Each structure stands twice: as structure tokens, then as C-alpha cells.
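Welcome! Let us take a friendly walk through this structure, beginning with its open space and moving on to its sheets.

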Amino acid sequence: MQKGLLIIFSGPSGVGKGTIIREIMKFPELKLTYSISMTTRAPREGEIDGVNYFFVTKESFLQHLYNDDFLEHACFVDNYYATPKAYVEKMRNEGYNVILEIETVGAKQVMNVMKDDEGCISIFLVPPSLEELERRIRGRKSESEEVIQKRIAKAELEMQETFRYKYVVCNRNIKKTVQKVYDIIHDEMQKKAMD
Ligand code: 5GP
């Protein structure tokens, strides 16, 4: 059985990562699965524990960290986020391509531990402009003004990390972005199959 790819998918808050991932997962031939992260952030309206995230207390998060359960972890605007490693390994060993929707600090940790030939690829989604990004973050109407300001400042910092990623895709139009991401994953799967 060919081991699946590890797909790091990053981009500033509000760029549309969730939408693109939801769409791309509709293609069974890409054999994708989504790694559900653990977070200490409170659920937003409509978010479900065990679907969007595993929502945990800070104490529980730190216990998992202590137990070495995470592939990577990071603090993002006052909350902790991490990728549980057991699921990622299990699914990759079953041939699935695992998507990690993570911010840049955690992505850097994964890139540091993965060698080039270990099947890890990285995609960074950028907005057409920072003004458009701010409009999208505000449009979500789920955060306080303070958190919105912090997320916008964080977005500007994250945009400086694009050089670490193998692919940078501008999310101007959902349909076109999905096509581009589809092509990237499809090509990478073919490359891996020829190894
Ligand atoms: P949000 O609070 O908007 O759901 O997520 C905030 C940021 O944390 C987003 O950039 C998201 O991609 C990132 N994130 C979500 N899960 C993880 C994770 O497991 N690890 C890391 N490093 N970042 C994550």
C-alpha cells in the first residue's frame, strides 16, 4: 500500500481555507481525509465537537502535549491549536492523503520534521488583498473587535511566511481555486505513484 500524502494547507484567517477544503474533499479520487485539530478556543456558533475541532480545556491540551500526542502545536490569538498525530499516521498508512489546516508556526514544525521524500506538500492560500481579507473576517460576525484586530495583524505576519510553501494560490474565485488545488494534489499523487 502506497503511503498517503501529508498536505499542509495554510493561509490567513478569513481567506477561505474551510470553503476550499470542503469543496476539494468532494472528489473521491483524491482520497482525502481531514485531520481534526484540538483547540482551547471556544466553539463558534454551529461548530461541533469532534467535527470541526476537538474542543478541550487548557489543562487537557497541556496533558496531551506532555504525553507527546501532537505532530505540531501553536498558539494563535490567545488560544492553543494542535494536530493529534495518531490519526494522521493511521490514515496515511491506509493510503489516505491527509489535510492539515494549520497556521504557519505549526506548519514550520511539520516542515522541519518531514524530509522532502516523505510525501509532505504545502499550499498557502492568499487573499486578493488585505482589504478583502478584512472584509471577509468582519463578514463572519463571530468575533469581538479586539479579536478581529488581532486576526488582521496576524494575517499580515502570516503573509510573510509564504516563501516556505511549495505552492501559493490566490483565492479570488472559489471555483478556480478549487480547480488549482485539485490539480496540485492530483499531480503530486501521480508523482508519488511513480516513485
Ligand atoms: P480558527 O480559530 O479560525 O478556527 O483557526 C485559527 C487558525 O489556527 C487558522 O489559521 C487555522 O488554520 C489554525 N489551526 C487550526 N487547527 C490548527 C492546528 O491543529 N495546528 C495549528 N498550528 N494551527 C491550526
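In what follows, Ala, Val, Leu, Ile, Met, Phe, Trp, Tyr, Cys and Pro count as nonpolar, Asp, Glu, Lys and Arg as charged, and the others, Gly among them, as polar. The model is predicted, with local features needing pLDDT of at least 70 and side-chain atom pairs pLDDT 80 or more, while totals for chains, interfaces and linings use all residues. Residues are numbered from 1 along each chain as its sequence is written, and side-chain values use heavy atoms, leaving out hydrogens and water.

**The pocket**

A pocket is an open set of points on a 1 Å grid over the protein atoms alone, where a 1.4 Å probe fits, with protein on both sides within 12 Å along at least five of seven lines; lining residues have an atom within 4 Å of a point. The largest one has a volume of about 960 Å³ (the space filled by probe spheres set on the points). Its lining has 13 nonpolar, 9 polar and 12 charged residues. Gly18, Tyr34, Arg44, Tyr53 and Glu101 lie nearest the centre. Helix α1 (17-24) is among the elements that supply at least two lining residues, and α1 gives the largest share, 5 residues. Helices (H or I, at least four residues) and strands (E, at least two) are DSSP runs, numbered from the N terminus.

**Two sheets**

Strands pair if DSSP finds at least two bridges between them.

| Strand order | Strands | Pairing |
|---|---|---|
| β4-β3-β6-β5 | 4 strands | mixed |
| β2-β7-β1-β8-β9 | 5 strands | parallel |

In the parallel sheet, β2 (32-34) and β9 (167-170) each have a single partner strand, so one side of each is left without a neighbour in the sheet. Leucine 32 has asparagine 97 in β7 as its bridge partner. Helix α7 (residues 174-194) lies across β1, β2, β7, β8 and β9, at about 160° to β9; such angles run from 0 to 180 degrees between N-to-C directions, with axes fitted to C-alpha atoms, for helices over the stretch in contact.

In the mixed sheet, 6 bridges join the antiparallel strands β5 and β6, and cysteine 75 stands opposite tyrosine 80 in β6.

**A loop residue**

Which loop holds glutamate 47? Glutamate 47 lies between β3 and β4. Beyond its neighbours within four places in sequence, the contacts of glutamate 47 include Asn52 and Phe55 (heavy atoms within 4.5 Å). The side chains of glutamate 47 and arginine 41 are joined by a polar contact of 2.9 Å, meaning a pair of N or O atoms within 3.5 Å; within protein, one must be able to donate a hydrogen and the other to accept it, and residues adjacent in sequence count only if both atoms are side-chain atoms.
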